[in-house]
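Visitor: I should like to go through this model strand by strand and then turn to its cores. Please show me the sequence and the structure.

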Amino acid sequence: MMHRQAVVFMGVVILSLSGLIHSFQPLFTLDGKSTTHRVITQMALLRKTAEVCRDIAATEGRDFSLTIDNSLTADKVQTACSSSDPSSAVLSTVRFQTSIAKVYFSNAKVDVIYALSEKYHFDDESFEAGRDLITSGVSAVKASVKLENFVAGRWTLGRVCHTLQDFYSHSSWVELGRTTPYSSLIRPDEPLQNLAGPTVPTCRSCKGGNCTDNLLPDLLQQGLITSGYFSIFSSSKPAGKCSHGGTFDRTSRRDPVGGINKDVVGSSHGFLHQKAADLAVNATVELLQDIRVAVGDKNFLQLMGLSQSSVLCFVIDTTGSMADDIAEAKRVSFDIIDRKRGTPQEPSAYILVPFNDPDFGPLLRTTDADVFKDNINRLSADGGGDIPELCLSGLQLALTAAPPSSEIFVFTDAPAKDAHLKSTITALIESTKSVVTFMLTDVLATRQRRKSLQGVSQRLLSESDAQLYRDLAQASGGQAIEVTKSDLSLATSIIQDTSAGAVVTVFQVVRNPGSPAEFTFPVDSSLRNMTAYITGTSSLKFTLTSSSGVSQSSSQSSGPLASVTRAGNLLRLGLNTENQTGSWRISVDSDNPYSVKVTGQSSVNFIFNLVEAHEGVHGDFDLKEGRALSGGNASLLVSVTGSDTVKVTEVTLFDSSRSTEVNGSLQSLGSGNFLVTFREVPAGDFVVRMRGEDSSSGSRSPNSFQRQAATQLKTSSISVTAQANTTNTEPGSTIIIPFTVAATTNGVVNDSATGTFTVRANNDRSYTSTSPSTVTVAEGGGGKANGTVTLTVPEDAATGTDVTLTIEAENAAATDVNYAVIRLSVAAKVTDVTRPVCQVVMILDTCPSSSSLCASSQWTFIANLTDGINGTGIDSITIRLGNGTLNTTTATGAGGENITVASYSAPCCSPNVELTVVDKVGNVGTCAGQVRALTTAVPAVTPAAVNTTSSRGHTLSTSHCLLILISAVVFLLWR
C-alpha cells in the first residue's frame, strides 16, 4: 500500500515516528494491531491453495480435514495437501514458503518503485487506470503460467495483488457498507459503476482531527465510490474532494481537511482498518480463483510452489568426449523418474540445458517426465574440437529457469569458454539461492577422444579451469566432484540423495588452503537419512565420532557409524545416527583444500532473505537484491519451517575461511518469522547458520538443532542500484533501465570517493542490449556515478517469457564486485477482454424419475462455444463439475467465427455439468446445465432468450435452442 511511516533502524530497535503511518505496511507492523500487505497476501495464498487441495482430494475420494480460514499456516496447508501419510513422511515447506515470500516481496516492492503513481494505489479516483493495471497484470500471470514460467508469474502476481488490496484501504468501498469484493476490478469487460464524477464533491473537513464522518451524506446515500487525493509536493486537489490523509499528504491540509485511508489502525479511517483488510484478503482470494480456473489446478499449485519434491535440473556438455557422461545422465534421471513417478516424491519439474561451442540451449522446462525423457534421449556427443565450451551460458539459463533453492547438476569435462560470466553466475546463485554441483570427468586426463575425433592438440583441464567450477560450487553450497568417466556412476548417487524430499544442510565448511581441523555438528531427533560428503585429495584422512563416543576412521569402508564409498575426489558417508542424537565430531587430516558437508531429511529448516530499511513516505523494509555492504548493518527476514515447537536461540553469519562468526540480534515477528540484524558486518564470504532447541521429541530436555543455508552471503564495498520503470514490456519494445554505482565505507556512500568501475550487463535471453563498459565516479560527484542499460525485446518474443537482467559493477583492482538483478516479463497488449460465449444447442435426456435407476441411463449436453470474430480463440475446455465425458469438434459459424462444439455425456446419477471455457489470453467463461426428470411429458421448448445470473450477481442475455424430450433446467453461468 502507499504512504508509509518513517523507520529508523538501530540494531534490532525500530523507532516509529508518530503520525507517519499512512498505509497497510508492506512487510511489518509496529502497533501489533494492523494488518500488512505481507499478511493479507499470505492469508489469501494459503486459503486458495487449501481450497484447491480440498477440491482435488474430493475428486480423488480422499479425506481433507483442514479448516480453511485466515489462521492457516504454510505447514498446515502443506500437510493437509500431501497425499502421503503425515506420520511417516518427511515434509518440507521451504519451496512453498519461498514462493509465498516472492509474491509478498513483489507486492511490497510497489511502494518503492511506484510510490507516487496514483494508479498503482487507486489514489486520486484513478479507478479505470488502476483496474487496467490489475487486469493486464492478471493476463500476464496467466501467460507466464501457460509457459511454465512460474517464477515470473509470482513476481507479477505480487504487484497485481498490491494494487487490488489498496482499493479497499484507499477508496470509500468499506464506508459504503459493502461486505463483498468489487468483482468488476478483475473483470475488464464489466463497467465500473457508481464512480463519483470529477466534479462531484465527496468530503467535508474533519472536526478537530476526527474524520469518522467526513464523507458527504449525499455520496453515501447515492453509493458513489471515491478515493483520496495524495501528494507530497502540492496541496492542490479538485474542489470538495477527499484526501488520503496523513502527515506526508499535503492535500489533506487543504479544505476539505483530513483523509479517508484505512491503512493502519491509527489512520484517518483506521476504525475501519480491519474491515478493509478482511475485504482485501477476500478480494485477493477471488483474483486467485480467476487465475486458478484459467490455468488449471495442477499449474495453480505449481504457481504457489506447493510441492514435496525438487526439480530435476541437468546442464550437459554435448561435445564429442561426453558420450559416457550423457549416458550416465540418462540412466540416473530415468531411474529417478521411474521410481518416483506417481508418488509425492516425483520431481515437480524437469529442466534440461545442453551446451557446447558455439551453441547453448535450447532450454527445456516441463512438468511432463516423458517430454524430459524424450529430449534427454535425443542428446548426442558431437563436435567441440577446440575444447572450451559455453558451460556458464547454459548454467545461466538453468539458474533463471529453475525455481529458487533448486539443485542444479552440471556435466562437463571441458573448461568454460565463457569464464567472463563468472560474476554473473555468482550473482544469480546468490539471488536464487540455488545449489550447483559440477560433475567434472577426467579433470586431469588428456582429451585423446577429442584429438581422435577432431584432430586438435592434446590439452588438459588446467587447475585454474577446475578452480572456476570449484568457486561457483562453493558459492552455491554445492560441490565440484572430480571423477573418471568409469567411476561417474558412483558419484551420481549424490543426485539420488538430493532428489529425496526435505533435504536440509546441517553443516558445511570449505578449507582452502587446507589444514587439519575438527568440526562438530548436532544430530537432532527430526533428522533422518543423514549423509556426509567430503571432497579432497586421495591422501585425505578423517575420523568420525558419534555423540556416544564411538569412532570410525577413513580406513573403514563399513563401520559402526557409516558406510563409505569413494568416487574420484568424493567420499560419501551414509551415517547411522539411529538413537544417537547429540553432538557428533568429524576430524579431517589434510593439508590440501577440502570440503565437508552434512545433510539429512527433516521438516525443520529455514529460509532467509536480505532486506533493507528505507525511510520516508513508505518507511518499512524491502527485499534487497545484491550484496550487503561491508562494514555496515545487514538485516535478514528469517522464517522457520516445519515445527511450531522450535525455539530459535541464535542466527549467525559464519565465514569458515576466516573462522569469523557474526552474531545477529533477533526480533520475533510471530508465526516463526524473525527480523535478524547484524551490526558492522566485515568483508567476507558468509553463510547463514541457525541454532535452536526443538521440544517435539518428547524427551525431558529440548533437542539442540542446527541448520545452515547453502548459499553464501557475500559483502561488498560497492553499491549497485537499478530500477526499471516497468516490469512488463511488450514484444518489439525497448526498455531503459537506469542504474547507479557508488563507493561505500562502513555501509554508507563515501561522498568524497572517486574511481572507475567496470560495468557488465547480461540477460539470460541474449536479447540485444547496450550499456557502458565503465562508469566513473568523478570528484564532486557525491561518490556516485550513473548509467543506463537499454534492452530490446524481439518482435517475436512470446507473451509470458521472462527475462532476467544482471547489472554488475567491479572495482578497478578487480577485487570487489556487486550487482543488481532486474526481472522482466514480456506481455503483449491484451485487446481481447471478452469472455467466451456459450450457445446451448440441446440437452437430450432419458433419465428415469426414480434416482435408484439413474445409473442405467445417460443424458447429453451440447453447446456451441466461441470467442467471437475478433477474439483470440478458445484455448481449453474442461469439466469443472460432473462425472461424464467431454468430446469437442470444431466448425465455422455463419459470420466466419470459429466454433467449438462441446458434447458432454454422463450417467443420470450425475445430473449437473459445469464447463470452464478459457480463451487464449485467459478470459474465462463457465457454462452449466442441470437435468431434472419429470413423470409426465412436456412440450418441446422453442428458441428463447433467457436472463442468466452469475455467481457474482451480474446478468446477461444469452440466446439458445433447446431440443428436450423431457423437462430440463438449464443455467448459464458467466464468471
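Visitor: Which residue of strand 4 stands opposite V315?
Guide: This is a predicted model, in which local features need pLDDT of at least 70, side-chain atom pairs count only at pLDDT 80 or more, and totals for chains, interfaces and linings use all residues. Residues are numbered from 1 along each chain as its sequence is written, and side-chain values use heavy atoms, with hydrogens and water left out. Strand 3 (residues 312-317) and strand 4 (residues 350-355) pair in the parallel sense over six bridges, where pairing requires at least two DSSP bridges between two strands and strands are DSSP runs of E with at least two residues, helices runs of H or I with at least four, both numbered from the N terminus. Opposite V315 in strand 4 stands V353.

Visitor: What is the handedness of the crossover from strand 3 to strand 4?
Guide: Between the two strands the chain passes through helix 9 (residues 323-340), giving a β-α-β crossover. A crossover counts as right-handed if, with the strands pointing away from the viewer, the path from the first strand over the helix to the second runs clockwise. The crossover here is right-handed.

Visitor: Which residue of strand 6 is the bridge partner of V315?
Guide: Strand 3 also pairs with strand 6 (residues 407-412), in the parallel sense and over four bridges. The partner of V315 in strand 6 is V410.

Visitor: Are the residues of strand 3 buried or exposed?
Guide: L312, F314 and I316 point one way from the strand, and C313, V315 and D317 point the other way. Buried means under 20% relative accessible area, exposed over 50% and partly exposed in between, with a 1.4 Å probe and protein chains only. Six of the six residues meet the first condition, so strand 3 is largely enclosed by the rest of the structure. On both sides, the residues are buried.

Visitor: Why is one side of strand 19 and of strand 24 left without a neighbour in the sheet?
Guide: The two strands belong to an open, antiparallel sheet of five strands in the order 19-18-21-25-24. Strand 24 (665-670) pairs with strand 25 (residues 673-678) over five bridges, and S665 stands opposite T677. One side of strand 19 and of strand 24 lacks a neighbour because each stands at an edge, with a single partner strand.

Visitor: Which helix gives the largest share of the largest nonpolar core?
Guide: A nonpolar core is a set of buried Ala, Val, Leu, Ile, Met, Phe, Trp, Tyr and Cys residues joined through side-chain atoms within 4.5 Å. The largest has 73 residues, and those with the most contacts inside it include I134, Y168 and L287. Among the elements that give two or more residues are helix 5 (150-170), helix 7 (273-295) and strand 19 (620-623). The largest share, 13 residues, comes from helix 7.

Visitor: Over which residues is the pLDDT below 50, with 34 contacts in the model?
Guide: pLDDT is the predictor's confidence in each residue, from 0 to 100, and the protein averages 87, with 89% of the residues scoring at least 70. Contact means heavy atoms within 4.5 Å. Where pLDDT is low, the predicted coordinates should not be read in detail. The stretch with 34 contacts beyond near neighbours in sequence is residues 446-459.
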